[in-house]
Amino acid sequence: MREVELAKTAGFCFGVKRAVELVYQEAEAGQKVCTYGPIIHNEEVVADLEKKGVRVIHKPEEENDGTVIIRSHGVSKDIYDAFENRGGNVVDATCPFVKKIHKIVKEQSSEGRKILVIGNPNHPEVEGIVGWSENGAVVIEDEKQAQEFSAGEDEKLCIVAQTTFNYKKFKELVEIISKKGYDILAVNTICNATEERQTEARKLSARVDAMIVIGGKTSSNSQKLYEICKNQCENTYFIQTVKDLPLDELENFQSLGITAGASTPNNIIQEVLLACRK
Ligand code: F3S
């Protein structure tokens, strides 16, 4: 009998799982539901929700009376208030780790610190974080921008990070800014869900004969997982769904490991697991 091991951290992180479950709960309760932006980057899940009547909106004005669900990335205070003021119901599925950043940014900016966010300025999570500052914020994401950064002479800073930012890079950028002599409060707000998934994948792929990584073709975190596993295990396969499983080839292996990228739904993971155990 072949041994098949599924990584505990395969698939959705805690925040995304919670957000997706909230959407299903609301939809099944028969509410008129929409999400502000797609709830996750997975077309199948978004299409399945659409069948259940869940629409995706892109502006608060697009929905006046139904339930609006804010996804795990969170939103700026302005957008949050716009939804609250419509009269409809708001279900806030912002990940608690992101919420914590909003709180820090709001408090520290109101106490006069200038907010510096280390992350991708075009990512919705970062746009949301910036929007909780009471006096604007600067976003930087690389060494050059950190070198070029300057603030007023007596200005105090508060530095936070996008939850998925690389820790090593965050530390490097904070070091560059620290050398400039400002009064700095740097809070490491990086979430370790991604790192834990990668670490577990690395260990699992090192002890199995073949490794399967499930994820979307364009998902960069899934691609990264594949590379990590391939480094440890030559027989690593990157698949989208159970249909891509190379069942004949897998016959040659005594032990299999399975992991999945951050936006891979549990039902797809379970289907693959089942097919591998047959
Ligand atoms: Fe996921 Fe929340 Fe971390 S959405 S990646 S658990 S910040």
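Student: Which residues of helix 2 are exposed, on the side away from its buried residues?
Tutor: This is a predicted model, where local features need pLDDT of at least 70, side-chain atom pairs count only at pLDDT 80 or more, and totals for chains, interfaces and linings use all residues. Residues are numbered from 1 along each chain as its sequence is written, and side-chain values use heavy atoms, with hydrogens and water left out. Exposed means over 50% relative accessible area, buried under 20%, partly exposed in between (1.4 Å probe, protein chains only). On that other side, the exposed residues are E43, E50 and K51.

Student: Why do the buried residues of helix 2 line one face?
Tutor: Helices (H or I, at least four residues) and strands (E, at least two) are DSSP runs, numbered from the N terminus. Helix 2 covers residues 43-51, and V45, V46 and L49 are buried there. Seen down the helix axis, their directions, taken from the axis to the C-beta atoms, keep to one face because they fall within an arc of 100°.

Student: What covers those buried residues of helix 2?
Tutor: Contact means heavy atoms within 4.5 Å. The cover includes helix 1 (14-28) and strand 3 (55-57).

Student: Which residue takes a positive phi just after helix 2?
Tutor: At the start of the helix, a side-chain oxygen of N42 comes within 3.1 Å of the backbone nitrogen of E44. Just after the helix, a positive phi of about 90° belongs to G53.

Student: How many of the 278 residues, in percent, are buried?
Tutor: The protein has 11 helices and 12 strands. Of its 278 residues, the buried share is 49%.

Terms used
Polar contact = N/O pair within 3.5 Å; in protein donor to acceptor, adjacent residues only side chain to side chain.
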